[in-house]
Amino acid sequence: MRRSDGGFISRLERFARLDSTQRVVARWLAEGTPEVALAVADEQSAGRGRHGRSWTAPPGAALLLSLGLRPPGLPLRHGWRLAAVVGLAMAEAAEQLAGLPQGSIGLKWPNDLVAVGGDGEPRKLAGVLGETSAEGDRVAAAVVGIGVNVDWARDDFPPQLADGMTSLRELSGAPVDREALLAAFLERLEPAYRALTAGRFDGERWAARQVTTGRRVEVATGPGESSVCEALGVDTESGALIVIGAGERRTIDSGEVVRCRIA
Ligand code: BTN
């Protein structure tokens, strides 16, 4: 793998199969491994998604990785930006590697990467999971994981998920190399992460890719609790979704959300 590496990655391990890259990297951080630690797997037996969901993909079909970070001085209120820069770097890298037009991979708040199909519906390409620990009002450490559907043929998608998902192979019509995708991702992540830890975040770029903006969304905040509203945009300071419903403008924090779908 080509690495942009001016010492960006401190530890990199690849696994043919393990339970979850999130768990392994959390352990490394607990043992004192410095940032940026990176675990990559061909297959996970207990892959974790957001809100306690599981995350599965056939062996070799997805890019599955977790980053262990110790962002110096990052305020806790900006902890969400770690997942944002990971998602953005991957969206840009995936477009380049799959030869897709710029902007064709969108971000679906809070942390999905999607491609909008011919029918206007977003189909999930990747998901980001950020797990953060705090020290006072600062982020002490974080494990940010991403799973990207790469070389996964439509015929092999799980039938119950097929309508709502896609892969780079499906989007580009050709196989995409996971190693090359990883290298392109790290090349973009490094400057964005260094900027973030220096207090700069390109909120415009993150906001511009949001596919929810201007659409009706259904936001589920708990069992049996959801509201349909119009998404006006995202707040680049708090990371919240800005919506209007029943004439009232409000912000929804990602922590409250179980599910956000285009209504
Ligand atoms: C989601 O959309 O719910 C987030 C999914 C995150 C999945 C990735 S795959 C690599 C890393 N290891 C895990 O166990 N989960 C994340």
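## Strand pairing

Which residue stands opposite Cys260 in strand 12? In this predicted model, that residue is Val219. Strand 8 (residues 216–222) and strand 12 run antiparallel and are joined by four bridges.

Side chains alternate along strand 12 (residues 259–262). Cys260 and Ile262 are buried and point to one face. Arg259 and Arg261 point to the other face and are not buried.

## Nonpolar cores

The largest nonpolar core holds 59 residues, and Leu65 and Phe185 have the most contacts inside it. Helix 2 (residues 80–98) supplies the largest share of this core, with 13 residues. A second, separate core has ten residues, among them Val24, Val25, Leu29 and Ala141.

Leu65 touches Phe185 itself. Leaving aside residues up to four places away in sequence, its other contacts include Leu38, Val40, Met90, Ile146 and Leu182.

## Salt bridges

The count of salt bridges is 19. One of the pairs is Arg205 with Glu92, whose closest N and O atoms are 2.9 Å apart. Arg205 sits in helix 5 (residues 203–208) and Glu92 in helix 2, so this pair ties together parts 113 residues apart in sequence. Arg205 is partly exposed at 41% relative accessibility, whereas Glu92 is buried at 16%.

Arg27 and Glu31 also meet in a salt bridge (3.2 Å, N to O). They are about one helical turn apart, because four residues separate them in helix 1 (residues 21–31). Arg27 is partly exposed at 40%; Glu31 is exposed at 53%.

Asp119 pairs with Arg123, with closest N and O atoms 2.9 Å apart. Asp119 is partly exposed at 48%, but Arg123 is buried at 18%. Arg50, Asp112 and Lys124 form one network through salt bridges that share partners.

Technical notes
Residues numbered from 1 in each chain as written. Predicted model: local features only at pLDDT ≥ 70, side-chain atom pairs only at ≥ 80, totals over all residues. Heavy atoms only, no water. Core = buried A, V, L, I, M, F, W, Y, C linked by side-chain atoms within 4.5 Å. Buried < 20%, exposed > 50% of the residue type's maximum accessible area, 1.4 Å probe, protein only. Helix = DSSP H or I, 4+ residues; strand = E, 2+ residues; numbered from the N terminus. Contact = heavy atoms within 4.5 Å. Pairing = 2+ DSSP bridges. Salt bridge = Lys/Arg side-chain N within 4 Å of Asp/Glu carboxyl O.
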